[in-house]
Amino acid sequence: MKNTLIAPSVLAADFANLQRDIEMVNASQADWFHIDIMDGVFVPNISFGMPVLEAITRHAKKTIDVHLMIVDPDRYIKTFAELGATNLTVHYEACTHLHRTLQAIKAEGMKAGIAINPHTNVSLLEDIINDTDLVCIMSVNPGFGGQSFIEKTYDKVKQLKEIITRNGASTLIEIDGGVTDKNAAQLAAAGADVLVAGNFVFRAEDPIATIENLKKLLS
Ligand code: DX5
Ligand code: ZN
């Protein structure tokens with residue numbers, strides 16, 4: 001089977017021990033850091049902003065995968081590039097000129113991603129898929145960690161995979177929300193390339209072993 005990537009979501013870390021939790025991810029088999037930025041407008045929650053991201057990137061030694069849950073993300077593209085983001089993902093539902101936004105992200109040297117809410121049909125991505133490095137399918141309603149996985153996600157992954165193949169695109173499929181050892185293998189089999197996991201990793205008794213087990217399930 002292909003190598004499915006694991007991206008622990010720092011939102012579920014212990015912010016009073018942030019460096020410790022980042023070093024844990026560095027030392028683990030995890031592939032990326034997933035960073036959730038929320039503005040209290042696009043989603044009903046505020047997570048953290050630039051100073052915290054700056055502190056994270058100072059210690060993180062893996063790909064920095066930033067998920068923006070904010071309105072009008074174009075305002076901050078340059079700032080996230082300067083802060084060390086590798087991937088910058090914006091929400092389909094938050095962008096009026098999505099094509100322009102993706103080009104602006106790439107112009108700053110980052111990979112450009114689109115996240116879609118659970119209600120957004122993947123067919124809407126048909127005309128933009130060749131411009132997109134990553135699609136993040138939300139498998140919970142964005143805004144909070146620790147929610148239950150929405151089962152419809154498996155169908156969405158398969159449909160998106162079909163669109164990517166038909167268009168000859170090399171877009172990665174990322175799944176975000178409620179990922180555990182119960183759904184990881186089925187998601188990978190459906191076509192997912194990257195699995196974000198917040199609570200399942202950081203609230204585990206042994207996060208390093210939990211990540212190792214996830215990787216084992218996916219190999
Ligand atoms: C939700 C965030 C997720 C969240 C995932 O809005 O985008 O990345 O941190 O957390 P879990 O894995 O706990 O559902
Ligand atoms: Zn996220």
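The paragraphs below lead through a predicted model, beginning with two annotated residues and moving on to a ligand, a helix and a loop.

A useful place to start is with D36 and D176, the two positions at which UniProt, in an unreviewed entry, places the feature "active site". They span 141 residues in sequence, yet no two of their C-alpha atoms are more than 10.4 Å apart, so these residues gather at one spot. D36 has its place in strand β2, while D176 lies in strand β7, which runs over residues 172–176. D36 counts as buried because 24 other C-beta atoms lie within 10 Å, where 20 or more are needed for that label; D176 is likewise buried, with 26 other C-beta atoms within 10 Å. If neighbours within four places in sequence are left aside, D36 is in contact with S9, L11, S47, H67 and M69. With the neighbours of D176 left aside in that way, its contacts are H67, C136, M138, S139 and V196. H67 is thus a contact of D36 and also of D176.

Strand β2 comes up again around ligand 1, where the elements that give two or more residues to the surrounding shell are β2 (32–38), β8 (194–197) and α7 (199–202). The shell consists of 22 residues, the closest being S9, P142, G145, G198 and N199. By character, the residues of this shell divide into 9 nonpolar, 11 polar and 2 charged.

Helix α1, residues 18–27, offers a view of how one element is set against others, for its buried residues, D21, I22 and V25, fall within an arc of 100° when seen down the helix axis, so they line one face. In general, an α-helix has 3.6 residues a turn, so residues three or four places apart point the same way. The buried residues of α1 pack against β1 (5–8), β2, α2 (50–59) and α7, whereas the face turned away from that buried side carries the exposed residues Q19, R20 and A27.

A last stop is N130, found in the loop between β5 (111–116) and β6 (134–138). N130 is exposed because there are 12 other C-beta atoms within 10 Å, and 12 or fewer is the condition for that label. Not counting residues up to four places away in sequence, N130 touches N167 and A169. From Y154, which is 24 residues away along the chain, N130 is separated by 22 Å between C-alpha atoms.

Notes: Residues are numbered from 1 along each chain as its sequence is written. Chains are lettered from A and ligands numbered from 1 in the order in which they are written. This is a predicted model: local features need pLDDT of at least 70, side-chain atom pairs count only at pLDDT 80 or more; totals for chains, interfaces and linings use all residues. A residue is near a molecule or strand if its C-beta atom, placed from the backbone, lies within 6 Å of it. Helices (H or I, at least four residues) and strands (E, at least two) are DSSP runs, numbered from the N terminus. Ala, Val, Leu, Ile, Met, Phe, Trp, Tyr, Cys and Pro count as nonpolar, Asp, Glu, Lys and Arg as charged, and the others, Gly among them, as polar. Two residues are in contact if their C-beta atoms, placed from the backbone, lie within 7 Å. The arc is that of the directions from the helix axis to the C-beta atoms. UniProt positions are given in the numbering used here, feature names are shortened, and annotations may be inferred rather than shown by experiment.
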